[in-house]
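Here are my notes on this one, written so you can follow along with the structure open beside you. Take the points in order and find each residue as you go.

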Amino acid sequence: MKKDIHPDYHMVKVVMTDGTEFETRTTWGAAGDTMNLDIDPNSHPAWTGGNQQLMDRGGRVSRFKKKYEGLGI
């Protein structure tokens, strides 16, 4: 393998949105830096199941339900 082509792994502190902290190895920043997250699995709707809304524009959902209501699904 070629020498000096791989990034330097080092330890950084990660601070979640709720204030919890952990240390991990990364190539981000410099050794001893602190990464403050704006979005994390505790707060992002993709992980928490956030507010999903099904919008019925032009009655498409109602037409679909009416069309397939007899299938027993």
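In which sense do strand β1 and β3 pair, and over how many bridges? Keep that in mind while we go through the points; the answer comes in point 3.

1. **What you are looking at.** First, a caution: this is a predicted model. The chain has two helices and three strands. If you walk along from the N terminus, the order you meet them in is β-β-β-α-α, with the strands ahead of the helices.

2. **The sheet.** The three strands make an open sheet with the order β2-β1-β3 and mixed pairing. β2 (21-26) and β3 (34-36) stand at the edges with a single partner strand each, so each has one side without a neighbour in the sheet. From one strand to the next, the twist averages 35°.

3. **The parallel pair.** Back to the opening question: β1, which covers residues 10-15, pairs with β3 in the parallel sense, over three bridges. Two spots are worth finding on screen. V15 has N36 in β3 as its bridge partner, and K13 stands opposite T34 in β3.

4. **The antiparallel pair.** On the other side, β1 and β2 run antiparallel and are joined by six bridges. As a bit of background, strands of a sheet pair through backbone hydrogen bonds, and they can do that either parallel or antiparallel. β1 and β2 also form a hairpin, with five residues between them. Have a look at G19 in the turn, where phi is positive, at about 100°.

5. **A positive phi outside glycine.** Now compare that with D4, which sits in the segment before β1. Its phi is near 60°, a positive value in a residue other than glycine. Most residues other than glycine have a negative phi, so this is one to check by eye. D4 is exposed, with a relative accessible area of 81%.

6. **H10, a good residue to zoom in on.** H10 belongs to strand β1. Is H10 buried or exposed? At 9% relative accessibility, H10 counts as buried, because the cut-off for buried is under 20%. The side chain of H10 reaches the backbone oxygen of D8 at 3.1 Å. A polar atom of that H10 side chain also lies 3.1 Å from the backbone oxygen of G29. Leaving aside neighbours within four places in sequence, H10 is in contact with T24, R25, T26, T27, W28, G29, A30 and A31.

7. **T26, the partner across the way.** The bridge partner of H10 in β2 is T26. T26 counts as buried too, at 16% relative accessibility. Its side chain reaches the backbone nitrogen of W28 at 3.1 Å. Not counting residues up to four places away in sequence, T26 touches D8, Y9, H10 and V12.

8. **The salt bridge.** How many salt bridges does the count come to? The answer is one. The side chains that meet in it are those of K13 and E21, at 3.9 Å from N to O. K13 is partly exposed, with a relative accessible area of 29%, whereas E21 counts as exposed at 51%.

9. **A loop residue with partners further along.** T17 is in the loop between β1 and β2 and is partly exposed, with a relative accessible area of 40%. Which residues does T17 contact, once neighbours within four places in sequence are left aside? They are L37, D38, I39, D40 and S43. The C-alpha atoms of T17 and P41 are separated by 9.3 Å, while the two residues are 24 apart along the chain.

10. **Stepping back to the whole chain.** Buried residues make up 10% of the 73 residues, and H10 is one that counts as buried. Take the contacts between residues at least 6 apart in sequence: 8% of them join residues at least 24 apart. The chain exposes about 6,700 Å², and carbon and sulfur atoms supply 52% of that area.

Key:
Residues numbered from 1 in each chain as written. Predicted model: local features only at pLDDT ≥ 70, side-chain atom pairs only at ≥ 80, totals over all residues. Heavy atoms only, no water. Helix = DSSP H or I, 4+ residues; strand = E, 2+ residues; numbered from the N terminus. Buried < 20%, exposed > 50% of the residue type's maximum accessible area, 1.4 Å probe, protein only. Contact = heavy atoms within 4.5 Å. Areas by Shrake-Rupley, 256 points an atom, 1.4 Å probe, with all protein chains shown as cover. Pairing = 2+ DSSP bridges. Axes fitted to C-alpha atoms, helices over the stretch in contact; angles between N-to-C directions. Polar contact = N/O pair within 3.5 Å; in protein donor to acceptor, adjacent residues only side chain to side chain. Salt bridge = Lys/Arg side-chain N within 4 Å of Asp/Glu carboxyl O.
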